[in-house]
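Colleague: I have the sequence and the coordinates open side by side. Could you walk me through what you computed?

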Amino acid sequence: MDQLGKGVVTVTRELDAPAQAVWDVLSDGWFYATWVVGASRVRGVDEGWPAEGTRIHHSFGVWPAVTSDTTHVLRSIEPTELTLKAKGWPAGEAEVVITITPRGADSCTVAMAEDAVTGPGTLMPQPLRQLAIGPRNVEALRRLAYLVEGRHRQGRTP
């Protein structure tokens, strides 16, 4: 998680599902708008997602003020790490690091850190950015947990 540097808030959540179950949801790009706060729809997913360099074509915002952009994979280590560059212009781009740490056969810890890396979002002082990003990522992990744990309880895989 130290890839983003000092001052970046890392949020964590314990999940009652194995690390692979989390990875299975993350690796299905069509779920992206379900767990990412602010994403309103997925328009397309590159073949091979989440291999490094692949993209999700998504939109964010509330209709009718919806903006289309992309998120691409910077680093992918199944089933423990996914690093993304999320574009959301005109605000800019953010780097997001998600790590999955197994805690046993049927549980894991998911951690998420994010910060603006380019664009107007970087003009806001980092402590202020993190005040907004931290709670947003708490909600993102809550949504991800509902998806992962629900699918795991039902014995479903994507």
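Modeller: One term before the figures: a residue counts as buried when its relative accessible area is under 20%. Please also keep in mind that this is a predicted model.

Colleague: Okay, so how much of the chain counts as buried?

Modeller: Of the 158 residues in the chain, 46% count as buried.

Colleague: And what is the pattern of helices and strands along the sequence?

Modeller: The chain has three helices and seven strands, and read along the sequence they follow the pattern β-α-α-β-β-β-β-β-β-α. The radius of gyration is 15 Å, close to the 15 Å that the globule rule gives for 158 residues, so the chain is as compact as a globular protein of that length. Along the principal axes, its C-alpha atoms fill a box of roughly 45 × 35 × 25 Å.

Colleague: Let's take the helices. Is α1 largely enclosed or not, and why?

Modeller: Helix α1 covers residues 19–26, and six of its eight residues are buried, so α1 is largely enclosed by the rest of the structure. The buried residues are Ala19, Ala21, Val22, Trp23, Val25 and Leu26.

Colleague: What about α3, how does its span compare with what its 28 residues should give?

Modeller: At 1.5 Å a residue, the 28 residues of α3 should span 40 Å, and the C-alpha atoms at its ends are 39 Å apart, which agrees. After α3 comes Gly155, whose phi is positive, near 70°.

Colleague: Switching topic: how many aromatic pairs are there in the whole structure?

Modeller: A search of the whole structure finds one aromatic pair. The ring centres of Tyr32 and Trp35 are 6.0 Å apart and the ring planes stand at 75°, so the pair is edge-to-face. Both residues belong to helix α2, where they are three residues apart, about one turn of the helix.

Colleague: Are those two buried or exposed?

Modeller: Tyr32 is buried, and Trp35 is buried as well. Both also appear in the lining of the largest cavity, together with Val25, Leu26, Asp28, Gly29, Trp49, Ile56, Leu82 and Leu84.

Colleague: What is the volume of that cavity, and which elements supply at least two residues of its lining?

Modeller: The largest cavity has a volume of about 40 Å³, and the structure holds one cavity of 30 Å³ or more. At least two lining residues come from each of α1, α2 and β5, and the lining divides into eight nonpolar residues, one polar and one charged.

Colleague: And the largest pocket, how much space lies in it?

Modeller: About 660 Å³ of space lies in the largest pocket. Its lining has 29 residues, and those nearest the centre are Ala86, Gly88, Ala94, Glu114 and Arg136. The elements giving two or more residues to this lining are α2, β3, β5, β6, β7 and α3, with α3 giving the most, at six residues.

Colleague: How does that lining divide by residue type?

Modeller: The lining of the largest pocket divides into 17 nonpolar, seven polar and five charged residues.

Colleague: Last thing, the backbone. Where are the cis peptide bonds you mentioned in your notes?

Modeller: The peptide bond from Trp49 to Pro50 is cis, with omega near 10°, and Pro50 lies in the loop between β2 and β3. A cis peptide bond also joins Glu78 and Pro79, with omega about -5°, and Pro79 lies in the loop between β4 and β5. Trp49 is also one of the residues that line the largest cavity.

Terms used:
Residues are numbered from 1 along each chain as its sequence is written. This is a predicted model: local features need pLDDT of at least 70, side-chain atom pairs count only at pLDDT 80 or more; totals for chains, interfaces and linings use all residues. Side-chain values use heavy atoms; hydrogens and water are left out. On a 1 Å grid over the protein atoms alone, a cavity is a set of points where a 1.4 Å probe fits but cannot get out, and a pocket is an open set with protein on both sides within 12 Å along at least five of seven lines; lining residues have an atom within 4 Å of a point. Grid points are joined across faces, edges and corners, and a volume is the space filled by probe spheres set on the points. Helices (H or I, at least four residues) and strands (E, at least two) are DSSP runs, numbered from the N terminus. Ala, Val, Leu, Ile, Met, Phe, Trp, Tyr, Cys and Pro count as nonpolar, Asp, Glu, Lys and Arg as charged, and the others, Gly among them, as polar. Rings of Phe, Tyr and Trp (its six-membered ring) pair if their centres lie within 6.5 Å; planes under 30 degrees apart count as stacked, over 60 as edge-to-face and the rest as tilted. Buried means under 20% relative accessible area, exposed over 50%, partly exposed in between (1.4 Å probe, protein chains only). The expected span of a helix is 1.5 Å times one less than its number of residues. The radius of gyration is taken over C-alpha atoms; the globule rule is 2.2 Å times the number of residues to the power 0.38.
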